[in-house]
Amino acid sequence: GLNFIDLMVRQGNIDNPPKTPLVPGFECSGIVESLGDSVKGFEIGDRVMAFVNYNAWAEVVCTPVEFVYKIPDDMNFSEAAAFPMNFVTAYMMLFEVANLREGMSVLVHSAGGGVGQAVAQLCSTIPNVTVFGTASSFKHEAIKNSVTHLFDRNADYVQEVKRISTDGVDIVLDCLCGENTGKGLSLLKPLGTYILYGSSNMVTGETKSFFSFAKSWWQVEKVNPIKLYEENKVIAGFSLLNLLFKQNRGGLIKGVMDKLLNLYNSKKIKPVVDSLWALEEVKEAMQRIHDRGNIGKLILDVEKAPTPLMANDSTETSEAGEEEEDHEGDNENKERMPFIQ
């Protein structure tokens with residue numbers, strides 16, 4: 001699985017980034033090839049999905065048994081590689097941190113991405129939950145049925161939400177950070193929960209310069225604890241990778257995976273796979289995530305041959321240090337597009 005955190009690792013926008021050379025990637029699916037002496041519950045030949053502390057983008061992966069789960073019979077390998085990070089993150093935030101219940105309302109950014117789609121599906125398992133989503137306008141047609149109210153990511157979504165729900169929302173899930181932190185807090189109802197689980201606005205690159213990065217940090221809301229107390233608001237952070245690999249909560253995550261696989265087997269949730277890419281195409285795949293061009297999850301497939309370049313493919317990149325407008329969707333006809341139909 002390819003996640004936005006992989007872009008942040010590549011740019012060093014995380015605490016203690018690993019030294020290069022390294023193999024990126026935190027989740028994968030495949031077939032058990034060998035077992036440690038004391039491993040129980042798995043056999044060679046089992047179809048499995050797993051969390052990995054780096055090194056997932058490889059033909060052979062080794063990880064502790066506590067991070068490995070059997071794939072349901074009717075789930076394919078692509079769906080399995082798209083399942084763990086997105087759905088565990090969405091489930092933990094909604095049910096473990098924010099205590100989602102019947103009749104609540106949720107605002108989720110990047111509603112067309114892997115986590116956004118998982119959030120929308122999990123919200124649909126609880127009666128009468130209203131989901132507000134922001135996404136690039138070219139994604140709206142494809143995802144309009146997954147959320148209750150959909151807004152353009154560049155529009156004034158705060159006013160749009162307040163127009164529909166004067167009091168605001170019960171839960172804000174923010175993967176953007178920057179100026180969206182203050183906006184999210186302002187939208188919370190009393191006893192509402194704001195959860196930061198990413199900071200995609202901090203990533204620079206072909207359409208975002210370092211100046212954009214600095215500006216985003218400058219716009220991060222300075223949280224005043226007294227104000228939280230007066231307004232009865234909750235602010236939280238969530239990092240699945242830290243929970244797994246630094247805070248030793250593998251047992252908790254296993255319980256969550258069991259619940260999620262039950263939901264999958266009862267056909268209440270299903271991972272959304274955007275496209276499959278060969279390992280040689282990782283640059284283009286990462287650019288697609290960077291430009292927010294994906295709907296659902298991008299998967300690296302070690303058995304896939306690279307897709308031939310189209311005649312109008314462009315390899316030009318922007319000059320570093322020059323701030324540019326976001327061009328979501330502009331690259332749709334310019335890159336390798338190995339879509340799953």
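**Exercise 1. Work out whether phenylalanine 51 is buried or exposed in this predicted model, then do the same for its ring partner.**

Step 1. Start with the area. Phenylalanine 51 has a relative accessible area of 0%. Buried means under 20%, so phenylalanine 51 is buried.

Step 2. Now find the partner. Phenylalanine 51 forms an aromatic pair with tyrosine 69. The ring centres are 6.0 Å apart, and the planes stand at 90 degrees to each other.

Step 3. Name the geometry. Planes over 60 degrees apart count as edge-to-face, so that's the label for this pair.

Step 4. Check the partner's accessibility. Tyrosine 69 comes out at 4%, so it counts as buried too.

Step 5. Place both rings in the chain. Phenylalanine 51 is in strand β2 and tyrosine 69 is in strand β3, so the pair ties together parts 18 residues apart in sequence.

**Exercise 2. Describe the aromatic pair of phenylalanine 26 and tyrosine 54, and say where its two members lie.**

Step 1. Get the geometry. The centres are 4.7 Å apart, with 50 degrees between the planes, and the pair is tilted.

Step 2. Locate the residues. Phenylalanine 26 belongs to the loop between α1 and β1 (27–31), while tyrosine 54 belongs to the loop between β2 (47–51) and β3 (68–70). They're 28 residues apart, so the pair links distant parts of the chain.

Step 3. Check burial. Both phenylalanine 26 and tyrosine 54 are buried.

Step 4. Zoom out. The structure holds 7 aromatic pairs. Ring pairs also link Phe83, Phe87 and Tyr264 into a cluster.

**Exercise 3. Find which rings have the charged end of arginine 47 or lysine 70 over them.**

Step 1. Take arginine 47. Its charged end sits over the ring of phenylalanine 77, 4.8 Å from the centre.

Step 2. Take lysine 70. This one lies over the face of phenylalanine 42, at 5.7 Å from the ring centre.

Step 3. Follow lysine 70 to another contact. Leaving out residues up to four places away in sequence, glycine 41 touches Asp46 and Lys70.

Step 4. Have a look at glycine 41 itself. It's in the loop between β1 and β2, and it is exposed, with a relative accessible area of 55%. From glycine 41 to tyrosine 69 you count 28 residues in sequence, and the C-alpha atoms are 9.9 Å apart.

**Exercise 4. Describe how helix α1 packs against helix α12.**

Step 1. Know what to look for. Two packed helices are described by the angle between their axes and by the distance between those axes.

Step 2. Read off both values. For α1 (residues 4–11) and α12 (residues 282–290), the angle is about 110 degrees and the axes are 9 Å apart.

Step 3. Turn the angle into a word. Angles of 65 to 115 degrees count as roughly perpendicular, so α1 is roughly perpendicular to α12.

Step 4. List the residues in touch. From α1 you have Phe4, Asp6, Leu7 and Arg10; from α12 come Met286, Ile289 and His290. By class, that's 4 nonpolar, 1 polar and 2 charged.

Step 5. See what is hidden in α1. Its buried residues are Asp6, Leu7, Met8 and Val9, and what covers them includes α12.

Step 6. Look just past the helix. Glycine 12 follows α1 and has a positive phi, near 75 degrees.

**Exercise 5. Repeat the analysis for helices α3 and α11.**

Step 1. Read off the values. The axes of α3 (residues 84–97) and α11 (residues 250–265) come within 10 Å and cross at roughly 100 degrees.

Step 2. Pick the word. These two helices are therefore roughly perpendicular to each other.

Step 3. List the contact. α3 brings Pro84, Phe87, Val88, Tyr91, Met92 and Glu96, and α11 brings Leu252, Ile253, Val256, Met257, Lys259 and Leu260.

Step 4. Sort by class. You get 10 nonpolar, no polar and 2 charged residues.

**Exercise 6. Locate the cis peptide bond at proline 21, and the positive phi values of asparagine 99 and asparagine 248.**

Step 1. Find the cis bond. It joins threonine 20 and proline 21, with omega about 0 degrees. Proline 21 is in the loop between α1 and β1.

Step 2. Take asparagine 99. Its phi is positive, near 55 degrees, though it isn't a glycine. This residue lies in the loop between α3 and β4 (105–108), and at 42% relative accessibility it counts as partly exposed.

Step 3. Take asparagine 248. Its phi is positive as well, about 50 degrees. Asparagine 248 is in the loop between α10 (240–245) and α11, and at 65% relative accessibility it counts as exposed.

Technical notes. Residues numbered from 1 in each chain as written. Predicted model: local features only at pLDDT ≥ 70, side-chain atom pairs only at ≥ 80, totals over all residues. Heavy atoms only, no water. Axes fitted to C-alpha atoms, helices over the stretch in contact; angles between N-to-C directions. Helix = DSSP H or I, 4+ residues; strand = E, 2+ residues; numbered from the N terminus. Parallel < 35°, antiparallel > 145°, perpendicular 65-115°, else oblique. Contact = heavy atoms within 4.5 Å. Nonpolar A, V, L, I, M, F, W, Y, C, P; charged D, E, K, R; others polar. Phe/Tyr/Trp six-rings, centres within 6.5 Å; stacked < 30°, edge-to-face > 60°. Buried < 20%, exposed > 50% of the residue type's maximum accessible area, 1.4 Å probe, protein only. Lys NZ or Arg CZ within 6 Å of the ring centre and 35° of its normal.
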